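This report is for a reader who meets the structure for the first time. Please look over the sequence and the structure before reading on.

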Amino acid sequence: MTMDAKGRGTGATGKGTGAMNRAPTGWLVVGAAVLFVLLKVASLEARALPPEVEFCLGCHSDRTLELALKSGERRSLFVDGNVFARSIHGDKLRCTDCHSDIETYPHPERAFKNLREFTLAYYESCKGCHFDNYTKTLDSVHYTVLSRESLKAPLCVDCHGAHDVASPGVPKSRISRTCARCHREVYQRYAQSVHGKALLQEENVDVPVCTDCHRSHDIEDPRTASFRLKTPELCARCHTDEKLMRKYSLSTNVLQTYLKDFHGMTASFYRREQITPAAFTAVCTDCHGVHEILPVKDPRSAVMKANLVKVCRKCHPDATEGFPAAWLSHYEPSPEKAPLVYYMRLFYQFFIPFVVIGLVLQILLHLWRVVVNR
Amino acid sequence: MERKSPDQAPQYYLRIHLYHRLLHGLLMTSFLGLAATGMPLRFNQAAWAINLAHTIGGFGAILFFHRTFAILLTFCFLLHIGYVFHLAFVRGEIGVFWGPSSMVPQPKDFLDMFQHFRWFFGMGPKPRFGRFAYWEKFDYWAVFWGMAIIGTSGYVMWFSSLFARFLPGWLFNITLLIHADEALLAVWFIFAIHFFNSHLRSGRFPLDLVIFTGRVSEGELQEERPAEYERLVKEGDLKALQIDPPPLWLKNFGRILGFTVIATGFLLFGLTLLAFLSE
């Protein structure tokens, strides 16, 4: 059956228009669906749908129900009542809570040029309840793209779904898979990384999914200097977590040692500046990689000793084989690791106060003598 | 008689030649600049360091100024080395390396130091200092050593890729450490010890203008450097050093410059000391 924009049934079975005629059919379909679910998934009890939803489903449970758009595209108007019932909104919302523009039957005429416009028309629907997340999206790179470049940028429903909204993080891998629908290439690299492998192959929820670093609603443009400067902080959220890192025998010293080193010092400075050059200093991801990050013991790891000089050359093009040795590999200097640096530091810790205090004492003696002689 | 006769006005002698005064000016400017742009890096976690760096124009700007002052100080260092060599090998004044006018520590300096300490405890007379007292020589060599060490390590880091061709990589960790800590020592030494010994000690407080005017009065020379005075009298060189009293404009110039630098130095000394103690 096909419907035109006015919502009149034009299909062969749609001749007898009118809600009352439609209702019994709807009841039957829902009943059948409920029975289907009960039989198929014995553990899942279908929730009872509110009468209004049942009413709408009278028409919209028709799988062939479509809306013809000016662009020639067709939009299915079928709603699986069962899917909706199991969705997170199943027992909370009625159809018109979101579709607030539709109050009557036949539905008021809406002229949608194309499929995207149809979806965009309902962009504001979520705002009524999810105002905080809605406003966050206005700061996101997705909204920037949407408002300036392309209507293809994702809206609420593109990630969350419409009638089948479920808890986004169940299971956790679902989040990364959602992003992968558009960010395919990044996802594939992520899937091969130490984080991605653990998540996708072992269902390990300790590792970050896309939104842990990029956030979900207020996604910042990751190509900006300000995002780059936040990288150490982002990685450190997990990598300075004692409990978590002990589980994988990883050091929690990585942030401190980075900040004490030249690169980290520079990064700290640029953090406070309004204007930051695009390439200024190395942050975590410049050496370790971003989505394709590998365990440091992996021979393919960019920070493996044999590969390190290549990483250095990204910024120091004429770096020689000996150059990477300047980096202490996140080790705190100690008698075992970098003993020379350790003892040199120790020497200065005593030498500087010794010299200064000694000379101050001499001055004080001098003063004392001058006072006594007076 | 209302006006002082020429005989009664104190006679002044030239102690520091214009060349050395200018060189000291260059040294002072570049050292202050290096300290002001370097210490925010050394204590990069302190709030004042971040604000100071921000005021100067951000990290890129402090790096630029630090390197500019470094070139200036290197120039100063080379000028001095050139001067010493010119004096010794062109003009044949070997006394620059050994003797009463030399900066090289003499046996007398160790004796002076020993006697000075005896005097501190009231166990003997004040030593009779020569042209350069032992602590002035210490000052000189501290700066000399500091420039060589901090300068070398600074250039190694500046041109790290170039030096990495023939230096092992681990050396860069040492250079960063030496550069930062040796510089801190230099800053504290200059802004506390040198300032005190030159300006804040009794008889000179609050400012010794000799480094700006180059002149000392006969009384000052006799009292502070009796050995030098006697040597000049004995060798008949004193007459040649006679000079007009310092003009007022020069004294005022010295006062303004001197107090500005001392105030800036003390501020940096206090800030770095606080940051060091809270590290």
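The text below covers confidence, the contact between chains, one helix, one sheet and some unusual backbone angles.

**Confidence**

The model is predicted. Chain A has a mean pLDDT of 83, and 86% of its residues reach 70 or more. Within chain A, confidence is highest in helix 10 (residues 184–192), at 95, and lowest in strand 1 (residues 2–3), at a mean of 46. The pLDDT is below 50 over residues 1–22 of chain A, a stretch that has 38 contacts in the model beyond near neighbours in sequence. Residues 42–46 of chain A also have a pLDDT below 50, and this stretch has six contacts beyond near neighbours in sequence. Where pLDDT is low, the predicted coordinates should not be read in detail.

**Contact between the chains**

Chain A and chain B touch through 35 residues of chain A and 30 residues of chain B. On the side of chain A that touches chain B, helix 16 (262–271) and helix 19 each supply at least two residues. Helix 19 of chain A gives the most to this side, with 16 residues. Sorted by class, the side of chain A that touches chain B has 24 nonpolar, six polar and five charged residues.

**Helix 18 of chain A**

Which residues of helix 18 of chain A are buried? In this helix, which spans residues 305–313, they are A:L308, A:V311 and A:C312. Seen down the axis of helix 18 of chain A, the buried residues fall within an arc of 95 degrees, so they line one face of the helix. An α-helix has 3.6 residues a turn, so residues three or four places apart point the same way. The buried residues of helix 18 of chain A pack against helix 17 (284–288) of chain A. On the face turned away from the buried side, helix 18 of chain A carries the exposed residues A:A306 and A:K310.

**The sheet in chain B**

In chain B, three strands form an open sheet in the order 2-1-3, with antiparallel pairing. Strand 2 (215–217) and strand 3 (242–243) of chain B are the edge strands, and each pairs on one side only. Strand 1 (residues 12–14) of chain B is joined to strand 2 of chain B by three bridges, and the two run antiparallel. In this pairing, B:L14 stands opposite B:R215 in strand 2 of chain B.

**Backbone angles in chain A**

Most residues other than glycine have a negative phi, and most peptide bonds are trans. The table lists exceptions in chain A.

| Place | Feature | Angle |
|---|---|---|
| A:Y105 to A:P106 | cis peptide bond | omega near 5 degrees |
| A:V170 to A:P171 | cis peptide bond | omega near -10 degrees |
| A:S329 | positive phi, not a glycine | about 55 degrees |
| A:A338 | positive phi, not a glycine | about 50 degrees |

A:P106 is placed in the loop between helix 4 (95–98) and helix 5 (115–121) of chain A. A:P171 is in the loop between helix 8 (156–160) and helix 9 (173–180) of chain A. A:S329 lies in the loop between helix 18 and helix 19 (339–373) of chain A, and A:A338 is found in the loop between helix 18 and helix 19 of chain A.

Are these two residues with positive phi buried or exposed? A:S329 is partly exposed, with 15 other C-beta atoms within 10 Å. A:A338 is partly exposed, with 19 other C-beta atoms within 10 Å.

Terms used:
Residues are numbered from 1 along each chain as its sequence is written. Chains are lettered from A and ligands numbered from 1 in the order in which they are written. This is a predicted model: local features need pLDDT of at least 70, side-chain atom pairs count only at pLDDT 80 or more; totals for chains, interfaces and linings use all residues. A residue is buried if 20 or more other C-beta atoms lie within 10 Å of its own, exposed if 12 or fewer, and partly exposed in between; C-beta atoms are placed from the backbone. Helices (H or I, at least four residues) and strands (E, at least two) are DSSP runs, numbered from the N terminus. The arc is that of the directions from the helix axis to the C-beta atoms. Two residues are in contact if their C-beta atoms, placed from the backbone, lie within 7 Å. Two strands pair if DSSP finds at least two bridges between them. pLDDT is the predictor's confidence in each residue, from 0 to 100. Ala, Val, Leu, Ile, Met, Phe, Trp, Tyr, Cys and Pro count as nonpolar, Asp, Glu, Lys and Arg as charged, and the others, Gly among them, as polar.
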